[in-house]
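Reader: I should like a close look at one buried residue of this model and at the part of the fold around it. Please set out its contacts, and then place that part within the rest of the chain.

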Amino acid sequence: PAEVQALVRGIERLLERAREQAKAREVDALQATLAETRELLIRLDRAAPGKADEALERLRRDMGEVEELFAALQLQLWVARGNHLLRVMARAAEETRWDKALAAYAELEGLCARVVGFEYGQCNRINVDSQYDFVSRL
């Protein structure tokens with residue numbers, strides 16, 4: 001799909017720009033670039049589930065010196081994906097489509113397991129564990 005390829009190329013260009021901005025310590029510009037990158041990642045994730053994770057992983061390997069940027073983007077992508085799944089569950093419940101709600105729940109539970117296992121120095125493990133416990137009680 002051309003849209004998916006265009007989104008991947010856009011993300012690659014933005015992350016290259018972010019890399020240069022991080023090296024130059026252009027904080028305001030970097031913040032704007034990362035916000036734009038996050039939006040493209042979310043669009044890519046919705047257009048082709050799993051492609052955003054693949055793109056981030058490939059770029060993380062290529063640009064390892066700014067790995068904390070990728071960790072932050074990965075967490076933001078997962079939060080957006082989790083929010084989307086919660087909305088899917090809510091809509092399905094309103095429509096009494098329990099099969100769809102349970103499928104979204106299973107996907108959300110898998111996402112939570114990935115987040116819990118994510119290693120990132122600034123990530124508050126207690127907070128992640130408590131959020132996972134909350135979701136698992138839904």
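Author: Leaving out residues up to four places away in sequence, Thr37 touches Ile11, Leu14, Leu15 and Leu73 in this predicted model. Thr37 itself is part of helix H2. Its relative accessibility is 0%, and because buried means under 20%, Thr37 counts as buried. One of these contacts can also be described by its backbone: the C-alpha atoms of Thr37 and Leu15 are 7.2 Å apart, although 22 residues separate the two in sequence.

A second threonine of helix H2, which spans residues 27-47, is Thr33. Thr33 is likewise buried, because its relative accessible area of 3% falls under the 20% limit. Its contacts, not counting residues up to four places away in sequence, are Leu14, Arg17, Ala18 and Gln21. Leu14 therefore appears in the contacts of Thr33 and in those of Thr37.

Ala32 also lies in helix H2. With a relative accessibility of 47%, Ala32 counts as partly exposed, whereas Thr33 is buried at 3%. The C-alpha atoms of Ala32 and Ala18 are separated by 9.2 Å, with their positions 14 residues apart along the chain.

Leu41 is in contact with Ile11, Ala52, Leu56, Leu73 and Leu77 when its neighbours within four places in sequence are left aside. Ile11 and Leu73 are thus among the contacts of Leu41 and also among those of Thr37.

These contacts lead to the largest nonpolar core. In soluble globular proteins, nonpolar side chains tend to be buried together. The largest core here has 23 residues, of which Ile11, Leu15, Leu41, Leu44 and Leu56 touch the most other members. Two or more residues of this core come from each of helix H1 (2-23), H2, helix H3 (51-62) and H4. H1 provides the largest share, seven residues. Apart from this core lies another, of 13 residues, including Leu75, Leu85, Tyr105 and Val115.

Helix H2 also takes part in a pocket. The second largest pocket has a volume of about 230 Å³. Two or more of its lining residues come from each of H2, helix H4 (67-94) and helix H5 (98-117). H4 gives the most, with five residues. In total 13 residues line this pocket, and those nearest its centre are Asp45, Pro49, Arg81, His84 and Glu107. By class, the lining has six nonpolar, five charged and two polar residues.

Arg81, named above among the lining residues nearest the pocket centre, is also a contact of Arg114. Arg114 is located in helix H5. Leaving aside neighbours within four places in sequence, its other contacts are Asp53 and Trp78. The C-alpha atoms of Arg114 and Trp78 are separated by 9.0 Å, and the two residues are 36 apart along the chain. At 41% relative accessibility, Arg114 counts as partly exposed.

The loop between H4 and H5 contains Thr96. Phi of this residue is near 50°, a positive value in a residue other than glycine. Thr96 counts as exposed, because its relative accessibility of 53% is over the 50% limit. Thr37, by contrast, is buried at 0%.

The setting of these parts is a chain with six helices and zero strands. Of its 138 residues, 39% count as buried. Among the contacts with a separation of 6 or more, 59% join residues 24 or more positions apart.

Confidence should be considered alongside this description. The chain averages a pLDDT of 81, and 82% of the residues score at least 70. Of its elements, H5 has the highest mean pLDDT, 90, and helix H6 (residues 125-136) the lowest, 50. Over residues 122-126 the pLDDT is below 50, and this stretch has three contacts in the model beyond near neighbours in sequence.

Note on methods
Residues numbered from 1 in each chain as written. Predicted model: local features only at pLDDT ≥ 70, side-chain atom pairs only at ≥ 80, totals over all residues. Heavy atoms only, no water. Helix = DSSP H or I, 4+ residues; strand = E, 2+ residues; numbered from the N terminus. Buried < 20%, exposed > 50% of the residue type's maximum accessible area, 1.4 Å probe, protein only. Contact = heavy atoms within 4.5 Å. 1 Å grid on protein atoms, 1.4 Å probe; cavity = no way out; pocket = protein on both sides within 12 Å on 5 of 7 lines; lining within 4 Å. Points joined across faces, edges and corners; volume = space filled by probe spheres on them. Nonpolar A, V, L, I, M, F, W, Y, C, P; charged D, E, K, R; others polar. Core = buried A, V, L, I, M, F, W, Y, C linked by side-chain atoms within 4.5 Å. pLDDT = per-residue confidence, 0-100.
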